[in-house]
Amino acid sequence: MRQQGKTLETIERELNRAISCIKRIIDRYNETNSYKDRPRSGRPRISTQKDDRNLIRLVKKNRTEPSHVLANQWKLSNGKTASSSLVRRRLLANKLEWNFAVKKPRLSANHVKARKTFCKMVK
């Protein structure tokens, strides 16, 4: 629209957007020849969302595994290896506990007898 010779005000009225928004888009296009966002600063993520879903599936299958064992089992799509702290961060981000589940001890024969006598007494 700007290349057709229209002013910012007419573009604003036609698109029902603010002039600052239109000017920002035009400036971005003039700098990069694209309307897409510029790359963000910061370190890129090592795992994708698909990798995160695979980790959650792995955790639900192996509830008693510690995070360093899960890190060794977790296959990332880019071929890199994951650390145990990355496993814990990804699980906390998905609202899962990163602590491994503790197995409960089995009841001994004495516990079973005591429980039965208690139940008979209460009955």
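Me: Before we look at any pair, what counts as a salt bridge here?

Reply: A salt bridge is a side-chain nitrogen of Lys or Arg within 4 Å of a carboxyl oxygen of Asp or Glu. Please keep in mind that this is a predicted model.

Me: What makes Asp27 and Lys23 a salt bridge?

Reply: Their side chains meet at 3.5 Å, N to O, and the limit is 4 Å, so the pair qualifies. The two residues are four places apart in helix α2, which means that about one helical turn separates them. Asp27 is partly exposed at 32% relative accessibility, and Lys23 is likewise described as partly exposed, with 42%.

Me: How many salt bridges does this rule give, and what are other examples?

Reply: The count comes to four. One of them joins Lys6 and Glu14, whose closest N and O atoms are 3.1 Å apart; another joins Asp52 and Arg45, with the closest N and O atoms 2.6 Å apart. Salt bridges that share partners also link Arg45, Asp52 and Arg90 into one network.

Me: Why is Asp52 called buried, and what is Arg45 called?

Reply: Buried means under 20% relative accessible area, and Asp52 has 10%, so Asp52 is buried. Exposed means over 50%, and Arg45 has 51%, so Arg45 is exposed. Asp52 lies in helix α3, and, leaving aside residues up to four places away in sequence, Asp52 touches Arg45, Ser47, Trp74, Arg90 and Asn94.

Me: How do you know that Arg28 is buried?

Reply: The relative accessible area of Arg28 is 16%, and the limit for buried is under 20%, so Arg28 belongs in that class. Arg28 lies in helix α2, and its contacts, not counting residues up to four places away in sequence, are Asn33, Ser34, Tyr35, Lys36, Asp37 and Arg38.

Me: What is notable about the phi of Asn33, which is among those contacts?

Reply: Phi of Asn33 is near 55°, a positive value in a residue other than glycine. Most residues other than glycine have a negative phi. Asn33 is found in the loop between α2 (19-32) and α3 (49-61), and with 61% relative accessibility against a limit of over 50%, Asn33 is exposed. Lys95 also has a positive phi, of about 60°, although it is not a glycine; Lys95 lies in the loop between α5 (84-93) and α6 and is exposed, with a relative accessible area of 78%.

Me: What makes Phe118, Met121 and Val122 a nonpolar patch?

Reply: A patch takes residues with over 30% relative accessible area and no salt bridge, and nonpolar side chains are joined within 5 Å. Met121, with 66%, is above that area limit. Phe118, Met121 and Val122 form such a patch on the surface, with about 350 Å² of accessible area together. Met121 has its place in helix α6 (residues 109-122).

Me: How many disulfides does the structure hold, and how exposed are Cys21 and Cys119?

Reply: The structure holds zero disulfides; a pair of cysteine sulfur atoms would have to lie within 2.5 Å to be called one. Cys21 is partly exposed, with 22% relative accessible area, and Cys119 is partly exposed, with 37%.

Me: Which domains are assigned, and how far apart are their centres?

Reply: The domain assignment gives domain 1 (2-32) and domain 2 (49-94), and their C-alpha centres lie 45 Å apart. Elsewhere along the chain, the C-alpha atoms of Gln3 and Lys120 are separated by 91 Å.

Conventions: Residues are numbered from 1 along each chain as its sequence is written. This is a predicted model: local features need pLDDT of at least 70, side-chain atom pairs count only at pLDDT 80 or more; totals for chains, interfaces and linings use all residues. Side-chain values use heavy atoms; hydrogens and water are left out. Patches are made of residues with over 30% relative accessible area and no salt bridge: like charges are joined within 9 Å, nonpolar side chains (Val, Leu, Ile, Met, Phe, Trp, Tyr) within 5 Å. Accessible areas come from the Shrake-Rupley method with a 1.4 Å probe; for residues, only the protein chains shown count as cover. Buried means under 20% relative accessible area, exposed over 50%, partly exposed in between (1.4 Å probe, protein chains only). Domain bounds come from an automatic or database domain assignment. Contact means heavy atoms within 4.5 Å.
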